[in-house]
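Trainee: Please walk me through this protein. I want to know how each label is earned.

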Amino acid sequence: MGMGAYNTSIDLIDRFKMSVQEILSASARPDAALAHIAPLDHLTVLEARGADTIEFLQGQLTQDVKKLGDADARLAGYCTAKGRLLASAIVWRAQPDPADPVPRVLALVDASIAQALQKRLSMFVLRAKVKLAATPLRVAGVWRGTDAAALQAAAGGLLPAAPWSRADLPDATWIAAPAADASPRWWWIGTDDALQRLGTALGAPAQAGLAQAWRAADIASGLPWITAPTQDLFVPQMVNLELIGGVSFTKGCYPGQEVVARSHYLGKLKRRMFAGHVAGGQPDPQALAGADVFQEGDEQPCGRIVNAAREGGGVAILYESSLAAAQGQAPLHAGSPAGPIIQPRALPYALSDDTRSA
């Protein structure tokens with residue numbers, strides 16, 4: 001199947017949108033709910049605090065931390081010296097603590113890598129005035145329901161609208177998440193008590209069952225999360241990180257920068273990330289992360305699954321693959337050469353196999 005099938009198949013992406021909406025419909029009453037709240041306990045918030053925080057992170061992440069504004073958040077990667085991702089993160093400059101008014105940057109990362117990431121970054125602090133620590137903050141995903149004004153009133157202020165915009169409201173930080181459809185959704189970051197107050201105000205307490213719907217919405221948005229099984233496997237471009245604003249090519253040095261820049265400026269990429277769906281039940285979809293992908297008729301893997309989430313009677317996935325296999329006529333299989341067939345789905349952004357035009 002050619003690249004155009006991934007980028008222009010409107011019926012496929014419409015089916016992807018509907019599948020997420022159907023999960024919401026099965027978990028709540030959308031005709032009555034003011035909002036849907038999913039506790040995202042698979043995510044952890046790390047904090048970097050100190051006079052040298054900005055300079056330190058500028059030299060570690062793929063994102064231009066110096067350009068982070070007061071009302072935005074950005075996707076970022078953290079790489080090995082060989083340019084392989086050890087983490088993906090959503091980062092933002094937090095409001096200074098009045099009791100200790102030094103720069104603060106918060107990072108939203110997968111919980112499976114949080115401790116290792118904190119430990120590794122701490123190795124490079126040396127004499128820099130930076131302290132790294134996990135925070136007790138909770139993370140939730142919020143979809144707007146039937147009454148936007150009620151949600152805004154419960155939030156305590158104007159909610160950010162454009163993807164990656166941010167608002168620090170009285171009880172929590174709200175970050176507008178990208179969405180494959182027009183349904184507004186936000187990452188919510190705050191305390192346990194604040195999350196309970198939000199649920200009470202909306203008459204919609206957080207529902208653990210919606211976490212899979214949120215993960216499926218991330219997949220529909222083409223947003224990759226690096227987890228423990230996929231650390232040190234992918235150069236940023238292999239999971240489309242630069243296509244969704246996660247890599248700056250003008251900021252200067254960071255670990256792996258030469259490899260990432262070389263892939264951008266020289267030649268053509270041979271591997272990319274795609275979206276798909278696998279039929280059949282899976283007790284733990286997250287266990288698929290890192291599993292091999294095979295092209296039919298070939299015993300050697302052509303890629304790996306990046307993320308997976310339960311979606312109706314099947315599993316939505318993001319998977320990395322060689323372009324040759326993705327563009328081939330033979331179907332792809334998940335997990336083994338005889339595994340379930342991956343049905344390709346469109347991403348909400350265009351792919352290019354030439355980084356010079358990406």
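**Labels and their cut-offs**

Mentor: Start with the largest cavity: β2 (43-49), β3 (74-79), β4 (85-94), β5 (104-110), α4 (111-123) and β6 (131-134) each supply at least two residues of its lining. The model is predicted, so local features need pLDDT of at least 70, side-chain atom pairs count only at pLDDT 80 or more, and totals for chains, interfaces and linings use all residues. Residues are numbered from 1 along each chain as its sequence is written, and side-chain values use heavy atoms, with hydrogens and water left out.

Trainee: What makes a stretch a helix or a strand?

Mentor: Both are DSSP runs, numbered from the N terminus: helices are H or I with at least four residues, strands are E with at least two. By that rule the protein has nine helices and 16 strands.

Trainee: What makes a space a cavity?

Mentor: On a 1 Å grid over the protein atoms alone, a cavity is a set of points where a 1.4 Å probe fits but cannot get out. Lining residues have an atom within 4 Å of a point. Points are joined across faces, edges and corners, and the volume is the space filled by probe spheres set on them. The count comes to one cavity of 30 Å³ or more. The largest cavity holds about 180 Å³.

Trainee: Which residues are closest to the centre of the largest cavity?

Mentor: Leu46, Leu57, Ala107, Leu117 and Leu121, out of 19 lining residues. Strand β4 gives the most to the lining, with four residues.

Trainee: Why is the pair of tryptophan 143 and tryptophan 214 called edge-to-face?

Mentor: Rings of Phe, Tyr and Trp (its six-membered ring) pair if their centres lie within 6.5 Å; planes under 30 degrees apart count as stacked, over 60 as edge-to-face and the rest as tilted. The structure holds seven such pairs. In this one, the centres of tryptophan 143 and tryptophan 214 are 5.1 Å apart and the planes meet at 65°, so it is edge-to-face. Tryptophan 143 sits in strand β7 (residues 138-144) and tryptophan 214 in helix α7 (residues 211-220), 71 residues apart. Trp143, Trp164, Trp187, Trp214 and Trp225 form one aromatic cluster.

Trainee: How do you know that arginine 185 lies over the face of tryptophan 214?

Mentor: The rule asks for NZ of Lys or CZ of Arg within 6 Å of the ring centre and within 35 degrees of the ring normal. Arginine 185 is at 4.3 Å from the ring centre of tryptophan 214 and is listed as lying over its face.

Trainee: Why is tryptophan 164 called buried?

Mentor: Buried means under 20% relative accessible area, exposed over 50%, partly exposed in between (1.4 Å probe, protein chains only). Tryptophan 164 has 13%, so it is buried. Tryptophan 143 at 4% and tryptophan 214 at 0% are buried too. Tryptophan 164 lies in the loop between α5 (148-155) and β8 (166-168). Its phi is positive, about 75°, although it is not a glycine.

Trainee: What makes aspartate 232 partly exposed?

Mentor: Its relative accessible area is 43%, which falls between the two limits, so aspartate 232 is partly exposed. Aspartate 232 is in the loop between α7 and α8 (257-265).

Trainee: Which residues does serine 248 touch?

Mentor: Contact means heavy atoms within 4.5 Å. Not counting residues up to four places away in sequence, serine 248 touches Thr62, Asp64 and Tyr254. Serine 248 is in the loop between α7 and α8. At 11%, serine 248 counts as buried.

Key
1 Å grid on protein atoms, 1.4 Å probe; cavity = no way out; pocket = protein on both sides within 12 Å on 5 of 7 lines; lining within 4 Å.
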